[in-house]
Amino acid sequence: MRSRKLSLCIPLLVAVLGAPALVHAQDAQALYEEGVAAYAQNQLDVACPKFKQSFEAGRQPAPLFMLAKCEEKQGRIASALEHFEEVLRRGGLEQQLQDQAALSVTSLGPRVPRVTLARGAAPENARAVLDGVAQPVGGRAILVDPGQRARRGEAAGHEPKAVR
């Protein structure tokens, strides 16, 4: 009797535990299709978030590729470059799309603005914040999307200071 109950429970558990993954995949596909429709109508402010949500829900390469294309069209070339490079690392797309991603990386790379944050005379415990995100200080170039940047320096015992 006990073995019969167990044999009935196992398929039920598989069905129940497998259901969230299936729903997630369906959500990811629906978001992707909404993104494609918005992209086709050049509604990039709608399409880009849909592709991002689709990728986060399903971790598939097609939404990531389309997110990169969308960001490139918006002029967010550092973000696009990062995502095209991730597409190439992950693989899983048709060869034609992989080739497109590789061409985009080659094309965008030299055009992406870079910022290097130097400590200068700031205290040793100082840190730089660029667009609300703490960044490494000291010689490493950071790729940034074109446009205005919000920069500030912070150090314990000192008031944060906006940097121009």
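Start with the largest pocket of this predicted model, which has a volume of about 420 Å³. Select Ala122, Arg152, Gly153, Glu154 and Val163: of the 19 residues in the lining, these are the closest to the pocket centre. Colouring by element shows which parts of the fold contribute: E2, strand E5 (151-154) and E6 each give two or more residues to this lining. The largest share, 4 residues, comes from E5. Colouring by class instead gives 10 nonpolar, 2 polar and 7 charged residues in the lining.

**The sheet beside the pocket lining**

Next, show the strands as a cartoon. Four of them form an open sheet in the order E3-E2-E5-E6, with antiparallel pairing. At the edges stand strand E3 (133-135) and strand E6 (161-163); each has a single partner strand, so one side of each is left without a neighbour in the sheet. Look along the sheet to see its twist: neighbouring strands are turned by 35° against each other on average, direction ignored.

Walk across the sheet from the E3 edge. Select E2, residues 127-130, together with E3: 3 bridges join this antiparallel pair. Ala128 is a useful residue to centre on. On the E3 side, Ala128 stands opposite Gln135. On the E5 side, the bridge partner of Ala128 is Gly153, a residue already selected as one of those closest to the centre of the largest pocket. The antiparallel strands E2 and E5 are joined by 4 bridges.

Now move to E5 and E6, which pair in the antiparallel sense over 3 bridges. Select Arg151 and find its bridge partner in E6, Val163. Val163 is also among the residues closest to the centre of the largest pocket. Then follow the chain through the hairpin of E5 and E6, where 6 residues lie between the strands. Stop at Gly157 in this hairpin, which takes a positive phi near 85°.

**The second largest pocket**

Which residues line the second largest pocket? Select Ala78, Ser79, Glu82, Leu130, Asp131, Gln135, Ile142, Leu143, Val144, Asp145 and Arg149. Gln135 is the residue found opposite Ala128 in the sheet. This pocket has a volume of about 220 Å³. Helix H4 (77-90) and strand E4 (141-143) are the elements that give two or more residues to its lining, and the largest share, 3 residues, comes from H4. By class, the lining divides into 5 nonpolar, 2 polar and 4 charged residues.

**The helices**

From H4, extend the selection to helix H3, residues 61-74. H3 and H4 pack with their axes 8 Å apart, at an angle of about 155°. Are these helices roughly parallel or roughly antiparallel to each other? Angles over 145 degrees count as roughly antiparallel, and H3 and H4 are therefore roughly antiparallel to each other. View the pair along the line between the axes to check the handedness: H3 passes H4 in a left-handed crossing.

Finally, add helix H2, residues 44-58, which packs against H3 at an angle of about 150°. The axes of H2 and H3 are 8 Å apart. This pair, H2 and H3, is therefore roughly antiparallel too. The crossing of H2 and H3 is left-handed.

Technical notes: Residues numbered from 1 in each chain as written. Predicted model: local features only at pLDDT ≥ 70, side-chain atom pairs only at ≥ 80, totals over all residues. Heavy atoms only, no water. Pairing = 2+ DSSP bridges. Axes fitted to C-alpha atoms, helices over the stretch in contact; angles between N-to-C directions. 1 Å grid on protein atoms, 1.4 Å probe; cavity = no way out; pocket = protein on both sides within 12 Å on 5 of 7 lines; lining within 4 Å. Points joined across faces, edges and corners; volume = space filled by probe spheres on them. Nonpolar A, V, L, I, M, F, W, Y, C, P; charged D, E, K, R; others polar. Parallel < 35°, antiparallel > 145°, perpendicular 65-115°, else oblique. Left-handed = near helix turned anticlockwise from the far one by under 90°.
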